[in-house]
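Student: Could you take me through one part of this protein in detail, and then show me what surrounds that part along the chain? I would enjoy a careful walk.

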Amino acid sequence: DTRHVLTGSADNSCRLWDCETGKQLALVKTSSAVRTCGFDFGGNIIMFSTDKQMGYQCFVSFFDLRDPSQIENNEPYMKIPCSDSKITSAVWGPLGEFIIAGHENGELNQFSAKVREQLSNIKEHTKQINDIQTSRDMTMFITASKDNTAKLFDCTSLEHLKTFRTERPVNSAALSPIFDHVVLGGGQEAMDVTTTSTRIGKFEARFFHLAFEEEFGRVKGHFGPINSVAFHPDGKSYSSGGEDGYVRIHYFDPQYFEFEFEA
């Protein structure tokens, strides 16, 4: 219902806010930077992962917001250690039964939100997973990786379904809620951007067909790598946030919808 927003930060905290007033509702302090966070299907349970740094291990923590004592005492009802490779992106699976976590080494894991265990593990990416986003019905999810690909998976089985290839690191990928379309955003590493022109840097948002894995369009505008992309829930626009400090909101032409329905 968009009443609350959850943020995780490198200031070693995870915070819950009131969207309308900006008031801070809850604060959880951590030992290291918070890398990912999110609400479950019902909005009652939150999870966040912390970085493996300063001698601290990477953990996934689960708090039930219906029990204020968990926040007050900083005691999650469950805490799962990740000893091998730190989590770089994570989302809730359908119905809040588990979370799907992407790791620095390219692995994907399912962690149960009920019992302290890892449900499944696969490795389809060869480098770090930068972003995970689910489809509208939460049956599928898409990953964006430093290995220059985005990949589509089944949420429950983690079966690898599709691959979308580029020639640059992919920082973010999103699935259209109304069409079989995927948008990818990325570019070179930020430290390399100043040494190349914007044309060579390949900073366009790129559109692929979900089923055919073929690229059918590019949108220019950013003059630095795109760090984040998202479709509007009605599917009529998308937004992108870039290293250049801009958030760009793009509305699709009427022909975009006519073309898809004719096809």
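Tutor: Here is a close look at one strand and its partners, followed by some other places in the chain.

The model is predicted, so to speak of local features a pLDDT of at least 70 is needed and side-chain atom pairs count only at pLDDT 80 or more, while totals for chains, interfaces and linings use all residues. Residues are numbered from 1 along each chain as its sequence is written, and side-chain values use heavy atoms, with hydrogens and water left out.

Let us begin with strand S17, residues 181-186. Strands here are DSSP runs of E with at least two residues, helices are runs of H or I with at least four, and both are numbered from the N terminus. Six of the six residues of S17 are buried, so the strand is largely enclosed by the rest of the structure. Buried means under 20% relative accessible area, exposed means over 50%, and partly exposed lies in between, with a 1.4 Å probe and protein chains only. His181, Val183 and Gly185 point one way from S17, Val182, Leu184 and Gly186 point the other way, and all are buried.

Now for the partners of S17. Two strands pair if DSSP finds at least two bridges between them. Strand S16 (residues 170-175) pairs with S17 in the antiparallel sense over five bridges, and the two form a hairpin with five residues between them. Within this pairing, Ser172 stands opposite Gly185. S17 is also joined to strand S18 (residues 205-209), again antiparallel, by four bridges; here His181 stands opposite His209.

Before S16 in the numbering comes strand S15 (residues 160-165), which holds Thr163. Thr163 is buried, with a relative accessible area of 8%. Its side chain makes a polar contact with the side chain of His160 at 2.8 Å. A polar contact is a pair of N or O atoms within 3.5 Å; within protein, one must be able to donate a hydrogen and the other to accept it, and residues adjacent in sequence count only if both atoms are side-chain atoms. Leaving aside residues up to four places away in sequence, Thr163 touches Thr149, Ala150, Lys151 and Glu213, where contact means heavy atoms within 4.5 Å.

The loop between strand S14 (149-154) and S15 contains Leu158. Leu158 has a positive phi of about 60 degrees although it is not a glycine, and it is buried, with a relative accessible area of 3%. Most residues other than glycine have a negative phi. Asn74 also has a positive phi, about 55 degrees, without being a glycine. Asn74 sits in the loop between helix H1 (68-72) and S7 and is partly exposed, with a relative accessible area of 35%.

To finish, consider the three-stranded open sheet with the order S1-S2-S3 and antiparallel pairing. Its edge strands are S1 (4-9) and S3 (24-29), each pairing on one side only. S1 and strand S2 (residues 13-18) run antiparallel and are joined by six bridges, with Leu16 in S2 as the bridge partner of Leu6.
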